[in-house]
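Got your viewer open and the cartoon representation on? Let's walk through this one stop by stop, selecting as we go.

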Amino acid sequence: MLGEDQEPGSYYVGVDVGTGSVRAALVDQKGVLLAFADQPIYKWEPQFNHHEQSSEDIWTACCVVTKKVVQGIDLNQIRGLGFDATCSLVVLDKQFHPLPVNFEGDSHRNIIMWLDHRAVSQVHRINETKHSVLQYVGGVMSVEMQAPKLLWLKENLRETCWDKAGHFFDLPDFLSWKATGVTARSLCSLVCKWTYSAERGWDDSFWKMIGLEDFVADNYSKIGNQVLPPGASLGNGLTPEAAKDLGLPAGIAVAASLIDAHAGGLGVIGADVRGHGLACEGQPVTSRLAVICGTSSCHMGISKDPIFVPGVWGPYFSAMVPGFWLNEGGQSVTGKLIDHMVQGHAAFPELQAKATARCQSVYAYLNSHLDLIKKAQPVGFLTVDLHVWPDFHGNRSPLADLTLKGMVTGLKLSQDLDNLAILYLATVQAIAFGTRLIIEAMQGAGHSISTLFLCGGLSKNPLFVQMHADITGMPVVLSQEVESVLVGAAILGACASGDFASVQEAMARMSKVGKVVFPRLEDKRYYDKKYQVFLKLVEHQKEYAAIMKGD
Ligand SMILES: Nc1ncnc2c1ncn2[C@@H]1O[C@H](COP(=O)(O)OP(=O)(O)O)[C@@H](O)[C@H]1O
Ligand SMILES: O=C(CO)[C@H](O)[C@H](O)COP(=O)(O)O
């Protein structure tokens, strides 16, 4: 039931475009999800490390899920619409038609996805410039950001793409343009992925130095010369054409967007934690770290003053919570790594068959299987002699080294289900150790974090959550709404509608604590030892590379 201080029946629609699917939700003023729908989206990998999507396919999926969540609702009650999406690069020509980002000339595939690593040579050259903008991305630019991808397009697809291009959008900004016709970019995407400064704007010298002076010459019209804070209302709201596509009324407020991890941050970080026995109770919000765990994991920590953390993206001003600086740590593949390890194992078909017979997900089955084989020990102790280094797609933070590879030590001549379950456990633990390494880097640079707020697909996995608590030694807060990223997107819509005076107010009203998972402190010694091994793994990997490089 709505409180007395609330408008009766005011709803917001949040749309979240993840790597693997598009989700939408109808959300009320208390942040409760009244309807949810999802729809998978296409991904292409035409070559190793080239990952592409289609903006038309994604928009179509947004329309399908939005129509579903508003079915049966009085449309006049919908006050605002917010989008978030992965930070993939969308390319359109001057008439806003898709352009190919591939050698095949397939213009349907007009998105270079965030996890695409084609621009390795370009990012090396960008990093060699040591330009001052790099201070604001942790000291080293990631191959997953937009500048190297743009340079790759100029150097590799000059005629078919670069010369014809009229608009380069971050995916969240593409969606808000599609809904409103407004090409203004969100401060979030430009600051986090495009080197824009909230205080100083674009830095001409950077673009000239890296060979993309074209943008300076036309006053950044192709990459954005109008910038709005996330949650700001765009133009005249939803256009009649987009309204028809989405099944919503024309003219409703549409917000400047957020990148998906940042929407997850808004969805969880501002919750009222009173009464849960948490160290962050009564402490500033800067003691909270939002960890958004899907295909990748993103670690969002905020501060009142800028904090420079080597290898951790940022500090970015006002890119997530207005008025706060943001540091963003990350692991490029987490959900994708778990899927990869499990699906690639010889016992996967057996696992699938058994999980299906029990109407369970393979992860629920594996978790119960681990409980069976652990006997009297805590489940985490099953990996005493099996250790994983999780950087199968390079290290995003805090080592910022895309050449790093995955490692497994402790393999046996076994391919049975027990073996698969224990390898899965070691992978989950390795991801949690990676989070511990990121937190230590952030703490070392001046952050003071006591509590983790987890969301995203992996937060539905109780083993993943417990391992993050045990291995970091911090309590993990899960939100009342599992789909907290969608709450973040709806918060944007709520702000754009004018129903809340600020993003902070909307966060406080719409994000809610659900379950709290505390660390098993009695297991600390075991995990401290495994962490020592974890750190040795990367040290050894670097030694091996040095040996092989030598004469
Ligand atoms: N119910 C679940 N139990 C365990 N893991 C899950 C569950 N649902 C999703 N996942 C994991 O979450 C990952 C996807 O998370 P999601 O947030 O949907 O990703 P994205 O936003 O990148 O599309 C998958 O790789 C899978 O490993
Ligand atoms: O770099 C990002 C955020 O800054 C990407 O958008 C993110 O890592 C991809 O998100 P997801 O794993 O949820 O699909």
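Before the first stop, one bit of vocabulary: two strands count as paired if DSSP finds at least two bridges between them. Keep in mind, too, that this is a predicted model.

**Stop 1: a hairpin**

Select residues 21-28, which is strand β2, and residues 33-40, which is strand β3; the two run antiparallel and are joined by seven bridges. Together β2 and β3 make a hairpin, with four residues between them. Click on Gly-31 in that turn and you'll find a positive phi of about 80°. Now pick Arg-23 and look across to β3: the residue standing opposite is Asp-38.

**Stop 2: an antiparallel sheet**

Next, bring up the open sheet of five strands, ordered β4-β5-β8-β7-β9, with antiparallel pairing. Which strands stand at the edges? They are β4 (44-47) and β9 (165-170); each has a single partner strand, so one side of each is left without a neighbour in the sheet. Zoom in on β4 and you'll see two bridges tying it to strand β5 (residues 50-53), in the antiparallel sense. For one of those partners, select Gln-47 and then His-50 in β5.

**Stop 3: the N-terminal annotation**

Time to zoom out and colour residues 11-267. An unreviewed UniProt entry annotates this stretch as "domain: Carbohydrate kinase FGGY N-terminal". The span is 30% helix and 23% strand, and its end C-alpha atoms lie 16 Å apart.

**Stop 4: two oblique helices**

Show helix α2 (residues 120-128) with helix α3 (residues 146-156). They pack at an angle of about 120°, and their axes are 8 Å apart. Angles that fall outside the parallel, antiparallel and perpendicular ranges count as oblique, and α2 and α3 are therefore oblique to each other. Their crossing is right-handed. Turn on side chains for Gln-122, Val-123 and Ile-126 of α2, then Ala-147, Pro-148, Leu-151 and Trp-152 of α3: these make the contact. Six of the contact residues are nonpolar, one is polar and none is charged.

**Stop 5: the C-terminal annotation**

Recolour residues 289-496, where UniProt (unreviewed entry again) places "domain: Carbohydrate kinase FGGY C-terminal". Here the span is 40% helix and 19% strand, with 26 Å between the end C-alpha atoms.

**Stop 6: a mixed sheet**

Pull up the seven strands that form an open sheet in the order β16-β17-β15-β14-β20-β21-β22; the pairing is mixed. At the edges are β16 (313-317) and β22 (513-517), each pairing on one side only. Rotate the view and look at the turn from strand to strand, which averages 25° between neighbours, direction ignored. Then select strand β14 (residues 288-293) and strand β20 (residues 451-455), which run parallel and are joined by five bridges. Within that pairing, Val-291 has Leu-454 of β20 as its bridge partner.

**Stop 7: an antiparallel helix pair**

Last selection: helix α10 (residues 335-343) and helix α13 (residues 417-445). Their packing angle is about 165°, with the axes 10 Å apart, and that makes α10 roughly antiparallel to α13. The crossing is right-handed. Show Leu-337, Ile-338, Met-341 and Val-342 in α10, which meet Leu-420, Leu-423, Tyr-424, Thr-427, Val-428 and Ile-431 in α13. How do the contact residues divide by class? Nine are nonpolar, one is polar and none is charged.

Terms used. Residues numbered from 1 in each chain as written. Chains lettered and ligands numbered in written order. Predicted model: local features only at pLDDT ≥ 70, side-chain atom pairs only at ≥ 80, totals over all residues. UniProt positions renumbered as here; feature names shortened; annotations may be inferred. Axes fitted to C-alpha atoms, helices over the stretch in contact; angles between N-to-C directions. Parallel < 35°, antiparallel > 145°, perpendicular 65-115°, else oblique. Left-handed = near helix turned anticlockwise from the far one by under 90°. Contact = placed C-beta atoms within 7 Å. Nonpolar A, V, L, I, M, F, W, Y, C, P; charged D, E, K, R; others polar.
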